[in-house]
Amino acid sequence: MTVDALTDVAGLRVGHATRTDNGWLTGTTVVLAPDGGAVAAVDVRGGGPGTKETDALDPRNLVQKVEAIVLTGGSAYGLDAASGVMAWLEERGRGVRVGVDPAHVVPVVPAACVFDLGRGGDFRARPDAATGRAAVEAAAASELGARVAEGCVGAGTGATVGPMKGGVGTASTVLDSGITVAALVVANAAGSVADPETGVLYGELLQGRVSWPEAHVHDAARRRLAEIAAKNAPPPLNTTLAVVATDAVLSKAQAQKLAGTAHDGIARAVRPVHLLNDGDTVFTLATGEHALDAEHPLALNELLAAGADLVTRAIVRAVHAAESVDGPGGAWPSYGELYGRR
């Protein structure tokens, strides 16, 4: 049984840590690999990224597998959440062995952040090591194949997409080959996810699943967005993050190619994208359960196409799952509030 989520890739778990009280509107999401890790890669396209340990994922470098990936709010400050995940992994002897003692490990925990500072009202309210630890503990406590909470949770708690509320979304598919591909995104873009002339989500246009808003509904939505424009300061930085995972056997170079083409999924759902004030970053995890067909050198192509499609679908799901926020840090109506749950 599949749940249309990143956790459909066997062995992966997802945990969120969310805080929304006392000026907070932020959180952290951890993707926990199976014990022993997964092959990982990354592709950064945004002009203002905030990342940690991404150089270790270069195919030319030593590290082959990672135990976890951290997506977090709090801009560069929030990258401290990865320290809590590292500590949790070290306590369990999970990481790169650096000595004869099994306890001597260095967990490699790549991380990327989104900008959400001050969106709850307190600029200094941001994830830290304790937040990261709470998220990895939530992941470890979850059942294999569990559903993944979407919307305003974890790293998507303070996320926005243009003038609307963003969040976390996820999706998966099983290819004809039997290989599973899945994606999880944090939609937090400076660009818009909706066509300004019609209100239709760009991602839904490309999926062929369009439900056109009536003209009076779209007019009301535009008036509502105009009313709150003055309340919100222009977002100085935004970022869409994604983890694309598969149970295929991939080299680091193949995983990096998958991360790169998955960016097309962001470009289909967000306009404009990959700007200087975006930090758009896509990670890839490959758990190595199913080998690609060695007789077909282009067998990777179906994974590349699926990864991009799933990122688009996950962004659409994030937008639909988001809930409106109106607080001391600003007001961001959800797509559901503006156009109804469709």
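A residue is taken as buried when its relative accessible area is under 20%. By this criterion, helix α6 of the predicted model is mostly covered, with 15 of its 21 residues buried. The helix comprises residues 301-321 and spans 30 Å from its first C-alpha to its last, which is close to the 30 Å expected at 1.5 Å a residue.

Helix α6 also figures in the packing of the nonpolar interior. The largest nonpolar core contains 49 residues, and those with the most contacts inside it are Leu250, Leu303, Val311 and Ile315. At least two residues of this core are supplied by each of the strands β3 (38-44), β13 (180-187), β14 (241-248) and β15 (281-290), and likewise by each of the helices α4 (215-229), α5 (252-269), α6 and α7 (335-339). Of these contributions, that of α6 is the largest share, amounting to 10 residues. Apart from this core lies another, made up of 33 residues, among which are Val14, Val31, Ala56 and Val114. When residues up to four places away in sequence are not counted, Ile315 touches Val185, Ala187, Val193 and Thr240, and, in addition, Gly265, Ile266, Ala269 and Val270.

The same helix, α6, contributes to the lining of the second largest pocket, in which about 150 Å³ of space lies. The residues that line this pocket are Thr173, Gly203, Leu206, Gln207, Arg268, Ala306, Asp309, Leu310, Thr312 and Arg313. Helices α3 (202-207) and α6 each supply at least two residues of the lining, and the largest share, five residues, comes from α6. Considered by class, the lining of the second largest pocket consists of three nonpolar, four polar and three charged residues.

Elsewhere in the model, Ala33 is located in the loop that runs between β2 (26-32) and β3. Because its relative accessibility is 4%, Ala33 counts as buried. With neighbours within four places in sequence left aside, Ala33 is in contact with Gly11, Leu12, Ala38, Val66, Glu67, Ala68 and Arg94. Between Ala33 and Val3, which are separated by 30 residues in sequence, the distance in space is 18 Å, C-alpha to C-alpha.

Definitions and conventions. Residues numbered from 1 in each chain as written. Predicted model: local features only at pLDDT ≥ 70, side-chain atom pairs only at ≥ 80, totals over all residues. Heavy atoms only, no water. Helix = DSSP H or I, 4+ residues; strand = E, 2+ residues; numbered from the N terminus. Expected span 1.5 Å × (residues − 1). Buried < 20%, exposed > 50% of the residue type's maximum accessible area, 1.4 Å probe, protein only. Core = buried A, V, L, I, M, F, W, Y, C linked by side-chain atoms within 4.5 Å. Contact = heavy atoms within 4.5 Å. 1 Å grid on protein atoms, 1.4 Å probe; cavity = no way out; pocket = protein on both sides within 12 Å on 5 of 7 lines; lining within 4 Å. Points joined across faces, edges and corners; volume = space filled by probe spheres on them. Nonpolar A, V, L, I, M, F, W, Y, C, P; charged D, E, K, R; others polar.
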